[in-house]
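Hi,

Here is the structure I promised to pass on. Have a look at it first, and then read my notes below.

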Amino acid sequence: MKLKIQGLNFRYNDRLVLEDINLEVEEGEILTLLGPNGSGKTTLLRCIVRILNPERGCIFIDEKQISKMKREQLARKIGYVPQSESSSFPVTVFDTVLMGRKPYLSWNPTFKDFRIVSEVLHLLGLEEFALRDLNELSGGEKQKVLIARTIAQGPEIMLLDEPTSSLDLKHQLEVLEVVRSLAKEKGISVIMAMHDLNLASRYSDKLVMLKNGKIFSIGTPEKVVTSENIKSVYGVEATVYNHLQTPYVVPEKPLSANFIIKT
Ligand code: ADP
C-alpha cells in the first residue's frame, strides 16, 4: 500500500500551518516526521487520517484520493495512534484493544477478534495489564495500549504521533522494534512523528524535516540529519557522527543560549 501527498496546504483559521507538502511512502517503508515543536507534524498526521481537511492538495492511497473514500474504508486502511488519549469512563485494556477491531465488527466480536486482541497483547507484553483500567496505567503503559489497539485494527498504513515520548529506554526500543517488524514483515507503511533524531535515524527508511510547516529536507537519514540542517531547523549546534552507517547526533548548545545566572 502506497501513500502519496501532493501539494498539501493546511490552514488553522487564517494561519497557514502546512505549505506545499509533497511526499511518498512505499509499502513497508518507515517515514519519520522531524521538526521543532509547532512545525506541523501532528497537523500533517491529522490531515492524513482525515480528522482535518487540507485547504489545498491531495492525499492518495494507491492512487485513490482519501477525500473520496468512505470513513469505514479509510478506517480499515489507516490506523492512527495519537499522542495521548484518556477515557472518561472505566475501560479495561482488553476492551480498549478490542475497539481496534471496530471497523470489522458487525454486531458482536467473534472468536477471531478475541484471538487477535490476545495475540497483540502478547506481542507488546501487555497480558498482565489486560484487565486493568486504562485510566490507571502510567503514560508509557497507556501509549503501548493505544499502539496495540491500532495493531489489532490490522491497518495497511500506521500513523504514530510521538510513539516513544513517554516511554523509558527499554520500552522505546521495544515499541520501535515492533513497528519495524510490522513494516518489514507485514508490509505496513508507517509514518511517525518523533523528536529523537538518533532513534528516528536508526528506525526510519526516510526522514522529513519540517520547518515552519514546510519541508526543509527529505530523504535518507544520512541526507537529512546533518549539522547544517540541525542548525538551520532547530537552532542548535551539533556534531553528527556515523555509527553503523546511521547518523548519530551529539548536540552542543542552542545558538540562542546565553544564560547568565546570578547567585
Ligand atoms: P507539531 O506537531 O510539529 O508540534 P502542530 O501540528 O501541533 O506541530 O502545530 C502546528 C502549528 O499549528 C503550531 O503553530 C500550533 O500552534 C498550531 N495549532 C495546532 N493546533 C491548533 C488548533 N487547534 N488551532 C489553531 N492552531 C493550532
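How many bridges join strand 1 to strand 2, and do they run parallel or antiparallel? There are 7 bridges between strand 1, which covers residues 3–12, and strand 2, and the two run antiparallel. If you want one pair to look for, try Lys-4: its bridge partner in strand 2 is Glu-24. Before you go further, keep in mind that this is a predicted model.

These two strands belong to an open sheet of 4 strands, with the order 2-1-4-5 and antiparallel pairing. Strand 2 (15–25) and strand 5 (64–65) are the edge strands, as each of them pairs on one side only.

Now zoom out for a moment. The protein has 9 helices and 12 strands. Its radius of gyration is 19 Å, close to the 18 Å that the globule rule gives for 263 residues, so the protein is as compact as a globular protein of that length. Along the principal axes, the C-alpha atoms fill a box of roughly 60 × 45 × 40 Å. Buried residues make up 50% of the 263 residues. If you take the contacts with a separation of 6 or more, 62% of them are between residues 24 or more positions apart.

What about the surface and the charges? The protein exposes about 13700 Å², and carbon and sulfur atoms supply 51% of that area. There are 34 positive and 33 negative charges, and their mean positions are 5 Å apart.

Next, go to strand 9 (residues 206–211). Of its 6 residues, 5 are buried, so this strand is largely enclosed by the rest of the structure. Strand 9 pairs with strand 3 (residues 30–34) in the parallel sense, over 4 bridges. Leu-34 is a handy place to see this, with Met-209 as its bridge partner in strand 9. Strand 9 also pairs with strand 10 (residues 214–219), this time antiparallel and through 5 bridges. Here you can look for Val-208, whose bridge partner in strand 10 is Ile-218.

Strand 9 and strand 10 form a hairpin with 2 residues between them. Which residue in the turn has a positive phi? That is Asn-212, with a phi of about 50° although it is not a glycine. Most residues other than glycine have a negative phi. Asn-212 has a relative accessibility of 65%, so it counts as exposed.

There is another residue to check for the sign of phi. Leu-244 has a phi near 50°, again a positive value in a residue other than glycine. You will find Leu-244 in the loop between strand 11 (236–243) and strand 12 (246–254). Is Leu-244 buried or exposed? With a relative accessible area of 68%, Leu-244 is exposed.

Last stop: Lys-144, which sits in helix 5 (residues 139–152). Its relative accessible area is 6%, and buried means under 20%, so Lys-144 counts as buried. Which residues does Lys-144 touch, leaving out those up to four places away in sequence? The list is Leu-124, Leu-126, Leu-167, His-171, Glu-174 and Val-175. Try showing the side chains around Lys-144 and picking out Glu-174 and His-171, two names from that list.

Happy exploring!

Methods. Residues numbered from 1 in each chain as written. Predicted model: local features only at pLDDT ≥ 70, side-chain atom pairs only at ≥ 80, totals over all residues. Heavy atoms only, no water. Rg over C-alpha atoms; globule rule 2.2 N^0.38 Å. Buried < 20%, exposed > 50% of the residue type's maximum accessible area, 1.4 Å probe, protein only. Contact = heavy atoms within 4.5 Å. Areas by Shrake-Rupley, 256 points an atom, 1.4 Å probe, with all protein chains shown as cover. Lys, Arg positive; Asp, Glu negative; His and termini not counted. Charge placed at Lys NZ, Arg CZ, Asp CG, Glu CD. Pairing = 2+ DSSP bridges.
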